[in-house]
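Me: Please take a close look at the aromatic residues of this structure and at the strands that carry them. I should like one connected account.

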Amino acid sequence: MRNLMRRKHQRCAKDTAISYTYLNKTKQYGAIARNYSRFGMYFETYKLLVPGTMIVIRNHHSDTESVGIASAGLNSAGPAPTTACQELKTQIVGEVKRCEKIEEAAKPRYGIAVHYISPAA
């Protein structure tokens, strides 16, 4: 994960269960958001996503079982309360900007950087 201190906008480093779908598709994939801001998010998943892909991200708060995150072995940690932590959207469209393989993972896993499309004010 990249250094959070170099970001233009403050990010919340609170692990949160999410799911995502390809735009205009219905199949959901589980993931863990590792950090997020008003303008974007970094999450980890077992699926490779090509930069430029448009996805819909849904926040599931602590409801990890509904999208199979817990059974997939992606564990989330406790909260890190900051003002930025209030910026997590319930549902938002984003564009994948970066996808990096996480080498130290036993099972292939990817770090995904997403920029939100028209974030809410």
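Reply: The following account treats the aromatic pairs first and then the strands around them.

The model is predicted. It holds 3 aromatic pairs. In one of these, Tyr20 and Phe43 are tilted, with 5.3 Å from centre to centre and 40 degrees between the planes. Tyr20 belongs to strand β1 (residues 16–22) and Phe43 to strand β3 (residues 40–45), so this pair ties together parts that are 23 residues apart in sequence. Tyr20 is buried, at 0% relative accessibility, and Phe43 is likewise buried, with a relative accessible area of 0%. Tyr22 and Tyr29 form an edge-to-face pair, because their planes stand at 80 degrees, with the ring centres 6.0 Å apart. Tyr22 is partly exposed, its relative accessible area being 25%. Tyr20, Tyr22, Tyr29 and Phe43 together make up one aromatic cluster.

The strands give this cluster its setting. Strand β2 (residues 29–36) has 7 of its 8 residues buried, so the rest of the structure largely encloses it. β1 and β2 run antiparallel and are joined by 5 bridges, with Ile18 opposite Ala31 in β2. These two strands form a hairpin with 6 residues between them, and Asn24 in the turn has a positive phi of about 65 degrees. β2 and β3 also run antiparallel, joined by 4 bridges, and form a hairpin with 3 residues between them. Here Phe43 of β3, a member of the aromatic cluster, stands opposite Ala33.

One further ring concerns a charge: the charged end of Lys107 sits over the ring of Tyr46, 4.5 Å from its centre.

How values were computed:
Residues are numbered from 1 along each chain as its sequence is written. This is a predicted model: local features need pLDDT of at least 70, side-chain atom pairs count only at pLDDT 80 or more; totals for chains, interfaces and linings use all residues. Side-chain values use heavy atoms; hydrogens and water are left out. Rings of Phe, Tyr and Trp (its six-membered ring) pair if their centres lie within 6.5 Å; planes under 30 degrees apart count as stacked, over 60 as edge-to-face and the rest as tilted. Buried means under 20% relative accessible area, exposed over 50%, partly exposed in between (1.4 Å probe, protein chains only). A charge sits over a ring if NZ of Lys or CZ of Arg is within 6 Å of the ring centre and within 35 degrees of the ring normal. Two strands pair if DSSP finds at least two bridges between them.
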